[in-house]
Amino acid sequence: MPSEEGNVSSQSSSGDTKRKVSIITEPVVERLGHDNLGFEQNKRKVSQQSHHSEEGPARRKSNLHNNNFDTSSIHSDRYNGEAGGRAKKQSFSEALEKIERDYDNSRLEQSWIYSLCMRCRVEYTTPSWEPPGWQKVCPYPLCPSYRQFARILSIILIGVLLWITAFVIIGDTAAPGGQLFQLVVLTVAANFGGFLISLTTLPRLIGMLMVGILFQNVGWVNLDGEFQIVTAELRKLALVIILIRAGLEMDPTAFKKIYKTILKLGLIPWFVECSLIAVCARFFLQLPWMWSFLLGSIVGAVSPAVVVPCLFRLRTKGYGVVKGIPTLIIAVAGIDDAVSVAGFGIISSIMFSTQSLGLQIAQAPVCIIGGLGFGVVWGFLCKYVPEPGDAYVVPIRTLMLFGGGLLAVFGSEEIHFEGAGPLGVVFAAFTASYFWCGQGWELEDNPVSTAFEIFWMIFEPILFGITGASIKIAELDPHIVSIGVGSIYVVAVIRILTTVAIAFGDKLNVKEKIFVAISWMSKATVQAALGPVALKTVMSNENRTEEEVHYAELVKMVCILSIILTAPLGAILISVTGTKLLKKTKQQLEPMDGWRRSHRPSLHDISIIDEEEEREDIEGIADEDTAANTLSNAQTATAFTITK
């Protein structure tokens, strides 16, 4: 008698349509522990006996999720494996109860509370362990897994140990009520606020900024005085991380193919927005021309922190992938940021320089040539140092790139050529990424990028928390705020129209041009990093005037307004218009694996489908192979019997 494991199909007693259970023909990886089941996108069917899952194309839901099912065709649920013993046969009532339970679970999976809980979970690619009885205390999925709980607990313990150490070394500044203690509390609260905002699919930085504003205006934090030196240096560290990430996100291959389009769409709209902001600041805010262009150079920057996550969600669904629109938008955002930071550095070095007029005029070409030269040389050095086969190549390359970025930013500031540093950081990361890709690394699977993602997770709440904490609502002038709001929105609309108008010859239709233009309206990272820099520079000058302080405060206020007004709106517009303006590929893209993307195992172990049902995925190939193997085995067994 053939074993139960050899059955691949079953037929109802009434002669209904055949149903079969597909069997995976390739090795699978054992799944242990919980995973992010609520947000898996790609699933592949496996055998009815397997407790495994494998990444693959998307499939339809099992017919077991419907009320109208044929109980006689449910062949795969008759047996449950018991650890260390023989398979136990289920009764018909037990099988029916299991199906009803699965159906109730499918309803639970569609509820808002399940979706909310699953947003708090992550996928696991390694075996996991949890204490006995953990599921009784923290039932899945309404509570975090033990791995998540242990991770959070370890972070808390590390933070407490570091705080105790800092208190012993520094003293009262790290004590409760001290400014360092307030900064730590603000960072933790900002991180939690960003998590709450992320549940709405909006960027985390919005919640972080709001927490900073709340803490400042309630009186829970005070970062003024000498502690401003610390916050200023933290902003520079965050700026280095932002610029390195922008350089690493630029695709060298795509850049070579469409570099004319990238430069055209990256430079012309930025110049238009910078000039219009400068004009509005000059005539409506009565800022001098140099201060006006300084403000325009900051506001013109696009925020990768807003754009990249939204585009990734669209990319995984297949929107705009055929024409490479996500790559185009990210590359232009990197160029946009580099130009903004370099322009800010050049203008600020001219404004605050005490050198002769000739040296001030030479600032621009020296900064551009010097920044590009440093970036290319340092990126080329990162190709050979360390040696590519070194066991510690990832951490050493990460430190090399980060150290070079710090050297570029702080070194250029020391020699009064501030515009060269940020440009050198971006091109050092871009050049290094180009050589690393040539050595076998993939752009989407770059472990150095993962390291800087971790750095950004640490510095993001610090940056946006202290940026929000610099806003004092009671001191805001309603007239200036209204002018700033109107100017930002009007200029954003003009930039969108300009981008659509100049995007001719780029093989984009009208809808795609509109989406690309909308994607570049979000402001956040560069504005948060550079907005308060001018005020800090002015306050450090002993010969400052009240007018200069007023101008610097206006620059900071408009930069923060641009974040509040455009970041959430831009994220919403990208998510909403992307599915309507971009073309979707027929088959969704598989998630990337490796350092940056991890597999998401299937939610169900079994899928029963109709044989006559039309299938568009590649599982049909696997099913054909299964049938061919079954027929071959049957013929072999028959021949063997006849021979005997």
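This report covers confidence, the nonpolar core, one helix, one loop residue and the cysteines of a predicted model.

## Confidence

The protein chain has a mean pLDDT of 75, and 70% of its residues reach 70 or more. Among its elements, helix α10 (residues 289-299) has the highest mean pLDDT, 93. Strand β7 (residues 608-610) has the lowest, 32.

Over residues 1-89 the pLDDT stays under 50. The model nevertheless gives this stretch 211 contacts beyond four places in sequence. Over residues 587-623 the pLDDT is also below 50, and that stretch has 124 contacts in the model beyond near neighbours in sequence.

## Nonpolar core

The largest nonpolar core contains 118 residues. Those with the most contacts inside it are L205, I244, W291, L295, L401 and F515. The element that gives the most to this core is helix α22 (residues 546-581), with 16 residues.

L295 can be followed further. With neighbours within four places in sequence set aside, L295 is in contact with I277, A281 and L287. Its other partners under that condition are V555, V558 and C559.

## Helix α16

Helix α16 runs over residues 420-438 and has 19 residues. At 1.5 Å a residue it should span 27 Å. The expected span is 1.5 Å times one less than the number of residues. The end C-alpha atoms of α16 are 27 Å apart, so the model agrees with the expected value.

Most of α16 is covered, with 15 of its 19 residues buried. G440 follows the helix, and its phi is positive, near 120 degrees.

## Loop residue A174

A174 lies in the loop between α4 (146-170) and α5 (179-198). Is A174 buried or exposed? A174 has a relative accessible area of 1%; the limit for buried is under 20%, so A174 counts as buried.

Leaving out residues up to four places away in sequence, A174 touches W163, A166, F167, L180 and F181. A174 and I164 are 10 residues apart in sequence, and their C-alpha atoms are 8.5 Å apart in space.

## Cysteines

How many disulfides does the structure hold? The count is zero. Two of the cysteines can be described by their burial. C310 has a relative accessible area of 3% and is therefore buried. C367 is buried as well, with a relative accessible area of 1%. Another cysteine, C559, appears among the contacts of L295.

Conventions:
Residues numbered from 1 in each chain as written. Predicted model: local features only at pLDDT ≥ 70, side-chain atom pairs only at ≥ 80, totals over all residues. Heavy atoms only, no water. Core = buried A, V, L, I, M, F, W, Y, C linked by side-chain atoms within 4.5 Å. Buried < 20%, exposed > 50% of the residue type's maximum accessible area, 1.4 Å probe, protein only. Helix = DSSP H or I, 4+ residues; strand = E, 2+ residues; numbered from the N terminus. Contact = heavy atoms within 4.5 Å. pLDDT = per-residue confidence, 0-100. Disulfide = S-S within 2.5 Å.
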